[in-house]
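Colleague: Got a minute to go through this one with me? I'd like to start with the helix packing and then move on to the rest.

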Amino acid sequence: MTSFWRAVWLVVRKDLAVEARSRELLFTTLFFALSCVLIFAVAFVREGKPLGEAGDAAAGILWIAIAFSGTLALGRTFERERYNDTLRALMLAPVVRPAIYVGKLLGILALLAATEIVTVPLVALLFQARLFERVSLMAALLVAGTVGFACVGTLFAAMLARARSRDVLLPILLYPVTIPVMIAGVRGTGALLDPEPNIAMAQFWIVLLLFFDVVFVTLALWTFEPLMTD
Amino acid sequence: MRKAFLPLVVVLMALYVSALLLIARAPFESTMGLVQKIFYFHFPPAVLMLLSAIFCGLMSAAFLIRKRQAFDRIALAAAELTVLYGSIALVTGPLWARKAWGVWWVWDPRLTMSFLMWMIFVSYLILRKYGGPGSETLSAGLAVFGMANAPFVYLSVNMWRTMHPKTSVVPTLPVDFATPLWVSFAGFLLLYIVLLTARVRIAEQQALLDQLYVDSDL
């Protein structure tokens, strides 16, 4: 077990070291998230105020920004491995395959967390959304939702790294499968942003997300080996 | 072709009989009238689409474990039929909805879920077609994820208010409505089996042909 986590740590450290030198993924992902917020602000703001019930637009925009920028980050992470031909080296490493998956997943999560640290306050600020009133519930939604999105995304991006037209295929495959995460994230955030926050509803969505995470992380750990073997 | 003759006759008979039954025997529904008869073309494909999606997921899981091509061929055929039956359900549904609810489409749980499952299997076929070599393994992974996704989609979309009749109305249908429905269901099921068998057979022949080509010294 310790060797498993050691391998995980090595993969994470490698990814973070590569990222720390160029900061390419962090900056592009972050800026892409900002562009998403801007585009959707144009679509969902009228006369200076977000459309719909309080917080509806903000919740939607926040999760769309996370999903879109997450897809970009996922694609780029594996594109970098492929471009430098290091994916093969990674796969040849004498460690169990699930360790590589977990390492990659943690790397992506770190990146997405960094993006969210900027995006969430920004959305709160720009749309007068009270995202920080129930910090623990909001954080639980974000963590559970991001893990759900990234655990499917990491597997799909990894398996598509060898496929043709992978850039287009990733969102096409990823969005339908992660729709429950989007619904849970948007509805849960919306419930928290109501003038009278619906705590029970938010908790329901968090529980659903946790179940989603458990099922899909397990599935991904199981399918990573057969999917990454030629 | 000769081997397919008898099954095709049976399928045609079943669909023909169901058409006669639903045109002549099934009574007019009191509020929706004639348009309710779409039901006999809507319910069977919709249910078979979901069953087919689960079947495809199971076959894909078997393929990932056992690595036998036979499972993959069945999974591919099932995925194509999921899309076909899903398309039938998604076309007949709005036609009926326009009359019954006044709009073509509402974002109701069951509609959203069918639409999503259909999307997942369309993406399966896209991956298969444009994914390049090795895409059969990748699409098998996708099908497994798609199948595991079904309960979550169901739960999450169900938190919206539902408009669609519950599936529980089906066992309580009066016999005049139920008989044509089940005959029609049997017809669509038989059609499914015939198409599945034919599609798997084509895939087998294709694999055989590819093998011959590889083996030949040309």
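Colleague: At what angle do α1 of chain A and α5(A) pack, and how far apart are their axes?

Modeller: This is a predicted model, and in it helix α1 (residues 2-22) of chain A packs on α5(A) at an angle of about 40°, with the axes 8 Å apart. That angle makes α1(A) oblique to α5(A), because roughly parallel would need an angle under 35 degrees.

Colleague: Is that crossing left-handed or right-handed?

Modeller: Right-handed, for α1(A) and α5(A).

Colleague: Which residues meet there?

Modeller: From α1(A) you have A:F4, A:A7, A:V8, A:V11, A:V12, A:D15 and A:L16. On the α5(A) side they meet A:A99, A:I100, A:V102, A:G103, A:K104, A:L106, A:G107 and A:A110. Sorted by class, this contact of α1(A) with α5(A) has eleven nonpolar, two polar and two charged residues.

Colleague: Ok, and α5(A) with α9(A), what's the angle there?

Modeller: About 120° between α5 (residues 97-126) and α9 (residues 199-227) of chain A, and the axes are 8 Å apart. α5(A) and α9(A) are therefore oblique to each other, and α5(A) passes α9(A) in a right-handed crossing.

Colleague: Which residues make that one?

Modeller: A:R97, A:P98 and A:Y101 from α5(A), against A:A220, A:L221, A:F224 and A:E225 from α9(A). The class count for the contact of α5(A) with α9(A) is five nonpolar, two charged and no polar residues.

Colleague: Switching to the chain A and chain B contact. How many residues does each chain put in?

Modeller: Chain B puts in 27 residues and chain A 26. On the chain B side, α4 (109-130) and α5 (135-158) each supply at least two of the residues that touch chain A. The largest share there comes from α5(B), with 15 residues.

Colleague: What's the class make-up of that side of chain B?

Modeller: 17 nonpolar and ten polar residues, with no charged ones, on the side of chain B that touches chain A.

Colleague: How far does α3 of chain B reach, end to end?

Modeller: Helix α3(B), residues 69-100, has 32 residues and reaches 45 Å from its first C-alpha to its last. That's close to the 46 Å expected at 1.5 Å a residue. After α3(B) comes B:G102, with a positive phi near 90°.

Colleague: Last thing, what are the confidence scores?

Modeller: ipTM is 0.85 and pTM is 0.86 for the model. Chain B has an average pLDDT of 84, and 88% of its residues score at least 70. Where pLDDT is low, don't read the predicted coordinates in detail.

Technical notes:
Residues are numbered from 1 along each chain as its sequence is written. Chains are lettered from A and ligands numbered from 1 in the order in which they are written. This is a predicted model: local features need pLDDT of at least 70, side-chain atom pairs count only at pLDDT 80 or more; totals for chains, interfaces and linings use all residues. Two residues are in contact if their C-beta atoms, placed from the backbone, lie within 7 Å. Helices (H or I, at least four residues) and strands (E, at least two) are DSSP runs, numbered from the N terminus. Ala, Val, Leu, Ile, Met, Phe, Trp, Tyr, Cys and Pro count as nonpolar, Asp, Glu, Lys and Arg as charged, and the others, Gly among them, as polar. The expected span of a helix is 1.5 Å times one less than its number of residues. pLDDT is the predictor's confidence in each residue, from 0 to 100. Axes are lines fitted to C-alpha atoms, for helices over the stretch in contact, and angles run from 0 to 180 degrees between N-to-C directions. Angles under 35 degrees count as roughly parallel, over 145 as roughly antiparallel, 65 to 115 as roughly perpendicular and the rest as oblique. A crossing is left-handed if the near helix is turned anticlockwise from the far one by less than a right angle, and right-handed if clockwise.
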